[in-house]
Amino acid sequence: MLTLSYDDGVVQDIRLIEIMNKHGLKGTFNVNSNRYLPEDAVREKFYGRMKLSEAVKLYKDSGHEVAVHAFNHPYLERLDTAEIIYEIMEDRKAIEKDYGVIARGMAYPYGTYSDKVVDILQKCNIAYARTVESTNRFTFPLNWLTLHPTCHHNNEKLEELIKRFVEGKDYLNRAEMFYLWGHSYEFDNNDNWDVIERFAAHAGGHDHIWYATNIEIYDYVKAYESLQKSYEGNMIHNPSAMMVWFSVKGEEYCIKPGETLNL
């Protein structure tokens, strides 16, 4: 599985999504609903946050996910309980109204959080929350509310990592996820759009990789984890509403929603 996550709802996301779509990549865009550029503002250069109308045109019905990044982009761990709830739920409410989706995912503003923040997110029905703590691995999180990405796009090992992910065979024995994150304005700041263009060209177009948004991966993993097995392991039941794939002794199976397989 491969996914991207980009923050702040900036105009450079337009170019980024063009690159992603060209190579079949999918991802999640995390917005601050109270930080859009005013609709009557005159943009002097192609830089900074989008207007709401621009963001809706870009993200809505695009196949990419729009997720929470807090209403005003504060350091959440510095706020009291009521303020944290306000930041999360106001952003959720605005995203759901503006984009016609149920907002269940999130990226932490500034990448910072605390145990208190994590606990509140769970109570606010946030399914996952991405940090900025790169692992340089392709593993799934033990706690989806502290979802650590594989790496930032400026990671010096990016090309090595994506080559290993694309060409490696470990996925035959276990599921793997490559998770890339960043801010698209950084490509202008660093004059390195070639980094994401090379990444997308190398990462895209492979039959053995599922290109998905953050929430699509979360939902699939939860559906897989919900599979019910008999004591001897010869019967598998899928109680979820999703088709799930798995392998037993090298043989691959697909189990439909509500189906029970006898192996």
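This short tour visits one helix and then several salt bridges in a predicted model.

**Stop one: helix α4.** Select residues 115-123, which form helix α4. Show the side chains of Val117, Val118, Ile120 and Leu121: these are buried. They cover an arc of only 165° around the axis, which puts them on the same side of α4. Now add α3 (81-99), β4 (105-107) and β5 (128-130) to your selection, and you will see what the buried residues of α4 pack against. Turn to the face pointing away from that buried side, and you meet the exposed residues Asp115, Gln122 and Lys123. Just after α4, pick Asn125, which has a positive phi, near 60°.

**Stop two: charged pairs.** Side chains of opposite charge can pair when their charged atoms come close. The whole structure holds 13 salt bridges; here are a few to find.

- Select Arg15 and Glu197, whose side chains form a salt bridge at 3.5 Å, N to O. Arg15 sits in helix α1 (residues 12-23) and Glu197 in helix α7 (residues 193-203), 182 residues apart. Arg15 is partly exposed, at 36% relative accessibility, and Glu197 is partly exposed too, at 33%.
- Next, select Lys26 and Glu216, which meet at 3.1 Å, N to O, in a salt bridge. Lys26 belongs to the loop between α1 and β2 (27-31) and Glu216 to helix α8 (residues 214-225), so this pair ties together parts 190 residues apart in sequence.
- Then try Arg174 and Glu176, a salt bridge at 3.7 Å, N to O. Is Glu176 buried or exposed? At 9% relative accessibility, Glu176 counts as buried.

**Last stop.** Select Glu159, Asp194 and Arg198 together: salt bridges with shared partners join them into one network.

Notes
Residues are numbered from 1 along each chain as its sequence is written. This is a predicted model: local features need pLDDT of at least 70, side-chain atom pairs count only at pLDDT 80 or more; totals for chains, interfaces and linings use all residues. Side-chain values use heavy atoms; hydrogens and water are left out. Buried means under 20% relative accessible area, exposed over 50%, partly exposed in between (1.4 Å probe, protein chains only). Helices (H or I, at least four residues) and strands (E, at least two) are DSSP runs, numbered from the N terminus. The arc is that of the directions from the helix axis to the C-beta atoms. Contact means heavy atoms within 4.5 Å. A salt bridge is a side-chain nitrogen of Lys or Arg within 4 Å of a carboxyl oxygen of Asp or Glu.
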